[in-house]
Amino acid sequence: MPLPVVAVIGRPNVGKSTVVNRLAGVQDAIVYDEPGVTRDRTYKRAFWQDREFLVVDTGGLVFDDDTEFLPLIREQAMAALAEASVAIFVVDGKTGLTGGDEEIASWLRQQPVPVLVAVNKCESVEQGLTQAVEFWELGLGEPYPISGIHGNGTGELLDRLITYLPPADEIEELPEIKVAIAGRPNVGKSSLLNAFVGEQRAIVSPISGTTRDAIDMVVERDGKTYRLVDTAGIRKKKNVEYGPEFFGINRAFKAIARADVVLFVIDALDGVTEQDQKLAGRIADEGRACVLVVNKWDAVEKDSHTIYEYQKEIHSRLHFVEWAEMIFVSAQTGQRVDKILDLVDAAAEQHRRRVTTAVINEVLEEAVGWHTPPTTRGGRQGKIYYGTQVSTQPPSIALFVNDPDLFNDGYRRYIERQFRKSLGFAGTPLRLFWRGKKVRDMERSVNRATRV
Ligand code: GDP
Ligand code: GDP
């Protein structure tokens, strides 16, 4: 797993899921769905200072009652703990110490994973300290009074928590990049796949994907792994009867939804068609990174201007993905096919990129300095309080403003252009959320944003 895992454990109803959501910071935090046996566990991304980790919520842990499904929940919690770098043991400060807590604690004390005790439901800071005292008895070190609902105390807990995470530079980078090859029929997708496989040689083996008939292929290069998503939808095996659905648009959409990076193949001879434009819209809507692969370049008559004219024409007709890098290849001759994965790497990196709140606000300040937000006839002017990146894949930035209605499309596009100009993000869509905030809420958010 690419990121360290923090397991949240405790009896039912102590507030585990509330705490998980609080740590993940945003309501619509990206959920990482582990396929296979562990479907019931949800992973959410969380950040503290410059550290990123996954928080996993476990079912409520109960030891004394062996009804039918409880062993299963316990197994889930154990599985979560097995992969965790640190565990948060949530207890209920309102109820106080229970026998159930003691049982979980005695089990936790035998585990090789560091444990932090979070005494939840301590809305009052002073009372919380008193409420927390009795949990010293669990023998798991200092209990931290927190409130999952209000957020107090979580800063101290997180400060401590990140000291148990492996150093950031030890975290394995980009363990696997999922790549979908998409494009209209006959643009050369299967030729490209074959060229790829021939080029890289190190094809491991077909792996079945998430849907029943999807086949993924894994290619390795320079120690990096690329999973080519649903190649069965691309390869045309002569001895197998495929219905029209098999190569249909739905299948392509499913592959796109599963991918990190979409190789969007365009036929240089046909140019951009309406179907291509629809596909571009879909890639952008799904928030996938994208590389534009202009194929059949061998068949184009060229002079020294041709490539620039193509570039201009394609980007203007595919404005949904105008941020995508473009490469001109020939699946038939193999020209530049080996460069495609370099662009995939770059796009995947930008797709997962995270920029600090300080940098985002520097860009905003400069952008607003050059070009102030519009003012209505009534004299009301848009005001941007601050921005912060709320998630990755794709990078998504929330802008907290006085009133989103005061920012017209022109100004919104201007701000996005400024972000791209200053920060790059080539190859990935960028999402901006314009959020209205009352000043009092603002102050709270500022506090959180500067801490998270
Ligand atoms: P879980 O079963 O451990 O995941 O617990 P939940 O997160 O579903 O919360 C159980 C109950 O405790 C819900 O009614 C929550 O509203 C409440 N709760 C959770 N966190 C807090 C808190 O910080 N303070 C208070 N007063 N109640 C909380
Ligand atoms: P798919 O339907 O997108 O998988 O397209 P195919 O890979 O089956 O290719 C469709 C047609 O285009 C075939 O006749 C290929 O030989 C041809 N083709 C594919 N790549 C190239 C290329 O780079 N140059 C030329 N000239 N023809 C190509």
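**A quick look at ligand 1 and the salt bridges**

A polar side-chain atom of Lys121 sits 3.1 Å from an oxygen atom of ligand 1. Keep in mind that this is a predicted model. Beyond the ligand, there are 17 salt bridges in the structure, and a few of them get a closer look below.

**Around ligand 1**
- Ser147 also puts a polar side-chain atom 3.2 Å from an oxygen atom of ligand 1, while an N or O atom in the side chain of Asn120 is 3.1 Å from a nitrogen atom of the ligand.
- On its own, ligand 1 would expose 590 Å², and the protein buries 70% of that.
- The ligand has 15 residues around it, the closest being Asn13, Lys16, Ser17, Thr18 and Glu123.
- That shell breaks down into seven polar, five charged and three nonpolar residues.
- Helix 1 (residues 16–24) supplies the largest share of the shell, with three residues.

**Arg258 and Asp216**
- These two form a salt bridge, with their closest N and O atoms 2.4 Å apart.
- Arg258 is in helix 7 and Asp216 in strand 10, so the pair ties together parts 42 residues apart in sequence.
- Both Arg258 and Asp216 are buried, and they belong to a salt-bridge network with Glu176 and Arg227.

**Two other salt bridges**
- Asp267 pairs with Lys296, their closest N and O atoms being 2.9 Å apart.
- Asp267 is buried at 3% relative accessibility, whereas Lys296 is partly exposed at 24%.
- Glu416 and Arg420 form a salt bridge too, with closest N and O atoms 3.4 Å apart.
- Glu416 and Arg420 are four residues apart in helix 12, so about one helical turn separates them.

Key: Residues are numbered from 1 along each chain as its sequence is written. Chains are lettered from A and ligands numbered from 1 in the order in which they are written. This is a predicted model: local features need pLDDT of at least 70, side-chain atom pairs count only at pLDDT 80 or more; totals for chains, interfaces and linings use all residues. Side-chain values use heavy atoms; hydrogens and water are left out. A residue is near a molecule or strand if one of its heavy atoms lies within 4 Å of it. A polar contact is a pair of N or O atoms within 3.5 Å; within protein, one must be able to donate a hydrogen and the other to accept it, and residues adjacent in sequence count only if both atoms are side-chain atoms. Accessible areas come from the Shrake-Rupley method with a 1.4 Å probe; for residues, only the protein chains shown count as cover. Helices (H or I, at least four residues) and strands (E, at least two) are DSSP runs, numbered from the N terminus. Ala, Val, Leu, Ile, Met, Phe, Trp, Tyr, Cys and Pro count as nonpolar, Asp, Glu, Lys and Arg as charged, and the others, Gly among them, as polar. A salt bridge is a side-chain nitrogen of Lys or Arg within 4 Å of a carboxyl oxygen of Asp or Glu. Buried means under 20% relative accessible area, exposed over 50%, partly exposed in between (1.4 Å probe, protein chains only).
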